[in-house]
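Biologist: Hey, can you walk me through this one? I'd like to start with a helix and then look at how side chains pair up.

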Number of protein chains: 2
Amino acid sequence: MAKIRDVAREAGVSVGTVSMVLNHADYGSPQIRKKVQDAVEKLQYVPSEMARNLSLKRTMTVGIIVPTVSHPFFAELVEALEESLYHLGYKTMLCCTRQKENAENVFIDMLQRQNMDGIIMGAHSLDTALYQGLKQPIIAFDRYLSPEIPIVHADHVLGGQLAAKAFLQHECRHIVQIAGSQMVKTPAGEYHQAFQKVMQASGVRTELVTLPWNSFGFKDSLQLAEKIFDEYRDVDGILGSDVSVASCLQVAVRKGIKIPEQLKLVAYDGTDITQSGIYKLTAVRQPIEELAELAAKKIVGLINGKPDASPWTLPPTLLAGETC
Amino acid sequence: MAKIRDVAREAGVSVGTVSMVLNHADYGSPQIRKKVQDAVEKLQYVPSEMARNLSLKRTMTVGIIVPTVSHPFFAELVEALEESLYHLGYKTMLCCTRQKENAENVFIDMLQRQNMDGIIMGAHSLDTALYQGLKQPIIAFDRYLSPEIPIVHADHVLGGQLAAKAFLQHECRHIVQIAGSQMVKTPAGEYHQAFQKVMQASGVRTELVTLPWNSFGFKDSLQLAEKIFDEYRDVDGILGSDVSVASCLQVAVRKGIKIPEQLKLVAYDGTDITQSGIYKLTAVRQPIEELAELAAKKIVGLINGKPDASPWTLPPTLLAGETC
DNA sequence: TTGAAAGCGCTAACAG
DNA sequence: CTGTTAGCGCTTTCAA
């Protein structure tokens, strides 16, 4: 591995010159630049990023924490975040917390060790104390972590209202809402309240059932779906995340329930899976790409100490489908 | 930010002592250790990972390159890889290449710059020359990159045979196989040949249709599904990736085709989505977790220069379902 | 315009 | 058992 010293010697110039030529397009005379370029070429020189990092005190990488990536919402989110960060010149460090004991702490630790320039936190956290007094840049994605940590999220009140609007075009009497675990408050959780408020005003009965903590797979939601049909025999509407609603759809069809005649379904999130089944799911779509881009810009802004007063919230939209 | 110097001063010992105490559990007298610990505590000292990296010439991070993470197979793969690497003490750097111009080159470049200790390459590559003569550790996941680069992959010949076995329990006459783009040869591609060979021997007609390059979404596969039913009116069996087959299922059901009476479907990969639709898909399951763990061990082995003669291949299994 | 040299913060070999 | 010091490879200020 050739080092900058070797290049300098080969080019017959000093180390400082090589560094300057390599990092500043407008430095040095054409002759000098050429000499350096040639030496680089000849020695196949590749600068060490570790050394640059230490010298410049930054890593150009951002950490992303999510519960899992095997879930359509987080998959799309992570991919979009990675892409946005990439275009801003940042690399992406990934951490999935669902299956791990205390990966969150370890990851926060790596942040403090300056292995990353900042973090976008998209996982639930039970231990929000971890985030108190952290000096490094952090933003939350649709999560409450601490009062000082800013949050990028969709306008879930509007989201709940959109869902309500969809249902209100039909004759529903009893709607079940499926929510994530209530152990942790999240902005996303708020669409349920907004929804309920509207439905209540319209005299529609609503129910709230919840998934277990850290549940993101199909198994849990299928189980919950069975329970819902058992417990609420007259349910004629269901609102929940894509995965939850897809599970309910599956169970309902197996039971011979006619969709959408006997049961209306609205999925919240609007990921690709709402489009991939036998029925296209009617859905409230979170603008995932746009939220990701916003989050990426915000974290880079924080890293560079750039104040930014633009809003941190984006509106969801209603996606027409065949289930409501 | 306190540095090691400050800790040394505070503890009344030398810098070297602090470093040794912090990094070697068996160094120093209890008294000295205590003094150091206390100073660390008091100053809230956190070592700089950048400095350690430079000093130790390693980053403890591994890069993962995949085309996308918004696809159940890669999602499960990335999650499992990240988890295995985590337990081996490595961080995960993620790069999705599908939407980016030449992210692959950029990522390989980061490898050469020693920003990562090694790479697990799970994306197609048109430019395999990139991988010639790379000095850093690389392993491929189900991809041919260059003769020197070892590959972790499922035994796809067995996979093809398992699929064949499933179909042969029924009366199929005309089976369509859906393959990825043929622009690049992959180990996974080989299940099609193995399958065809068996079917041919049994006198069953098979067809091979292919998806466009870098196509991983539902839109393309739905389109292809339509085309298949248009073009092959007498098709009574379909074999392809989870996503492809799920799309065919959707189109078939809409056309009123009875599953599995009139059409048998076998999905290759066996991700969660085979279990989440209205019909459980019969599937050949790649042992994703195990492959990921294997890949993680292999790359760490290479990084540490540990020779390892254990096999690089794992067998898939047949997952019973309702579509064949 | 270029070169010399002082860091960046930590590790580990070496000497005491 | 502990302290000193020479790197790790690069950036950039400061002189010349």
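Modeller: Sure. When I say helix, I mean a DSSP run of H or I with at least four residues, numbered from the N terminus. Also keep in mind that this is a predicted model.

Biologist: Okay, which residues of helix α6 of chain A are buried?

Modeller: Helix α6 of chain A covers residues 103-112, and its buried residues are A:Ala103, A:Glu104, A:Phe107, A:Ile108, A:Met110 and A:Leu111. Look down the axis of α6(A) and those buried residues fall within an arc of 155 degrees, so they line one face of the helix.

Biologist: And what follows α6(A)?

Modeller: A:Gln114 does, and its phi is positive, near 65 degrees.

Biologist: Switching to charges. How many salt bridges are there over all chains?

Modeller: The structure holds 30 of them. As a reminder, side chains of opposite charge can pair when their charged atoms come close.

Biologist: Show me one inside a helix?

Modeller: Try B:Lys34 and B:Asp38, whose side chains meet at 2.8 Å, N to O, in a salt bridge. Both belong to helix α3 of chain B (residues 30-43), and they are four residues apart, about one turn of the helix. B:Asp38 has 39% relative accessibility, so it counts as partly exposed.

Biologist: What about B:Lys297 and B:Glu293, how far apart are they in helix α11 of chain B?

Modeller: They are four residues apart in that helix (residues 288-303), so about one helical turn separates them. They form a salt bridge too, with the closest N and O atoms 3.4 Å apart. B:Lys297, at 48% relative accessibility, counts as partly exposed, and B:Glu293 counts as partly exposed at 39%.

Biologist: Do salt bridges ever chain together? Which residues do shared partners join into one network?

Modeller: A:Glu49, B:Asp109 and B:Arg113 are joined that way.

Biologist: Now something that reaches across a chain. Where do B:Glu76 and B:Arg285 sit?

Modeller: First, their side chains meet in a salt bridge, 3.9 Å from N to O. The pair links distant parts of the chain, with B:Glu76 in helix α5 (residues 72-87) of chain B and B:Arg285 in strand β10 (residues 282-285) of chain B, 209 residues apart.

Biologist: Is B:Glu76 buried or exposed?

Modeller: Buried, because its relative accessibility is 12% and the cut-off for buried is under 20%. B:Arg285 is buried as well, with a relative accessible area of 17%.

Biologist: Rings next! How many aromatic pairs are there over all chains?

Modeller: The count comes to nine. One of them is A:Tyr191 with A:Tyr268: ring centres 3.6 Å apart and planes at 0 degrees, so the pair is stacked. A:Tyr191 is in helix α8 of chain A and A:Tyr268 in strand β9 of chain A, 77 residues apart, and both are buried.

Biologist: What do the rings of B:Tyr191 and B:Tyr268 do?

Modeller: Their centres are 3.6 Å apart and their planes at 5 degrees, so that pair is stacked. B:Tyr191 is buried at 5% relative accessibility, and B:Tyr268 is buried at 1%.

Biologist: Which residues form an aromatic cluster?

Modeller: B:Phe73, B:Phe74, B:Phe141 and B:Phe216 form one.

Biologist: Last one: which ring does the charged end of A:Lys100 sit over?

Modeller: The ring of B:Tyr86, 5.1 Å from its centre. And B:Lys100 lies over the face of A:Tyr86, at 5.1 Å from the ring centre.

Notes: Residues numbered from 1 in each chain as written. Chains lettered and ligands numbered in written order. Predicted model: local features only at pLDDT ≥ 70, side-chain atom pairs only at ≥ 80, totals over all residues. Heavy atoms only, no water. Buried < 20%, exposed > 50% of the residue type's maximum accessible area, 1.4 Å probe, protein only. Helix = DSSP H or I, 4+ residues; strand = E, 2+ residues; numbered from the N terminus. Arc of directions from axis to C-beta. Salt bridge = Lys/Arg side-chain N within 4 Å of Asp/Glu carboxyl O. Phe/Tyr/Trp six-rings, centres within 6.5 Å; stacked < 30°, edge-to-face > 60°. Lys NZ or Arg CZ within 6 Å of the ring centre and 35° of its normal.
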